[in-house]
Amino acid sequence: MAVNLSARQFRKGDLPQQVRKALHQTGLAADRLELELTESMVMDDPVGAKQTMQGLKDLGVSLSLDDFGTGYSSLNYLRRFPVDSLKIDRSFIRDVVVDPSGASVVNSIVDIAHNLRIAAVAEGVETREQLDFLIGCNCDSYQGFFFSRPIPADDFTSLLRGQ
């Protein structure tokens with residue numbers, strides 16, 4: 001289960017305790033939870049962010065840096081943050097098959113992620129051509145309308161069951 005965190009939730013200071021409590025109450029295994037953080041959220045206070053992120057990692061949850069490349073990324077901090085994946089913002093994916101510079105950026109982000117032993121996830125995949133490009137540059141995962149439009153929870157359950 002992936003959950004987007006708000007900046008307010010992240011900065012509150014007791015996030016690891018709140019997540020521990022939610023895991024206990026729901027019975028969800030920590031390794032089944034991925035928390036999505038934005039670049040700006042963690043870059044506002046890199047030292048505090050690293051402590052919070054480490055507290056979450058100590059619980060066993062996965063951390064994903066969402067909308068990567070749209071903020072003020074610091075590769076120096078990126079290598080120090082305990083993240084499991086980078087989610088490449090859809091704005092880079094949109095023109096990847098028609099814009100050589102955009103393609104270079106995406107390819108570079110995937111390479112950086114892999115060199116840091118972090119998974120690369122492409123957001124906003126809408127066409128077969130985009131998917132083929134991403135497969136070609138060894139992107140690890142993809143999400144977007146190409147695979148499915150948003151659907152109600154009951155329909156999603158049926159989809160997973162193959163109905």
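**Two loops, three paired strands and a surface patch**

Let me begin with Asn138, which sits in the loop that connects α8, residues 128-136, with β6, residues 141-142. Before I go further, please keep in mind that what you have in front of you is a predicted model. Asn138 has a phi near 65 degrees, and that is a positive value in a residue that is not glycine. As a reminder for anyone who does not look at backbone angles every day, most residues other than glycine have a negative phi. As for its surroundings, Asn138 has a relative accessible area of 52%, and because the cut-off for exposed is over 50%, it counts as exposed.

There is a second residue to mention along with it, namely Arg117, whose phi is near 60 degrees, again a positive value in a residue other than glycine. Arg117 belongs to the loop between α7, which covers residues 100-115, and β5, and with a relative accessibility of 76% it is counted as exposed.

From that loop we can move into β5 itself, which covers residues 119-122 and is joined to β4 by four bridges, the two strands running parallel. If you would like one pair to find on the screen, take Leu86, whose bridge partner in β5 is Ala120.

On to β4, residues 85-88, where I would ask which residues cover its two faces, and whether they are buried or exposed. Ser85 and Lys87 lie on one side, Leu86 and Ile88 lie on the other, and all of them are buried, so that both faces of the strand are covered. In general terms, side chains in a regular strand alternate between the two faces of the sheet.

Strand β4 is also joined to β3, in this case by three bridges, and these two strands likewise run parallel; here the pair to look for is Phe68 with its bridge partner Ile88 in β4. Within β3, which spans residues 62-68, I would like to pause at Ser64. Ser64 has a relative accessible area of 0% and is therefore buried. Leaving aside residues up to four places away in sequence, Ser64 touches Glu34, Leu35, Glu36 and Leu37, and it also touches Ser85 and Lys87, the two residues that I placed on one side of β4 a moment ago.

Finally, let me turn to the surface, where Ile151, Phe156, Leu159 and Leu160 make a nonpolar patch of about 400 Å². Phe156, one of these four, lies in helix α9, residues 153-160, and it is partly exposed, with a relative accessible area of 42%.

Technical notes. Residues are numbered from 1 along each chain as its sequence is written. This is a predicted model: local features need pLDDT of at least 70, side-chain atom pairs count only at pLDDT 80 or more; totals for chains, interfaces and linings use all residues. Side-chain values use heavy atoms; hydrogens and water are left out. Buried means under 20% relative accessible area, exposed over 50%, partly exposed in between (1.4 Å probe, protein chains only). Contact means heavy atoms within 4.5 Å. Two strands pair if DSSP finds at least two bridges between them. Patches are made of residues with over 30% relative accessible area and no salt bridge: like charges are joined within 9 Å, nonpolar side chains (Val, Leu, Ile, Met, Phe, Trp, Tyr) within 5 Å. Accessible areas come from the Shrake-Rupley method with a 1.4 Å probe; for residues, only the protein chains shown count as cover. A salt bridge is a side-chain nitrogen of Lys or Arg within 4 Å of a carboxyl oxygen of Asp or Glu.
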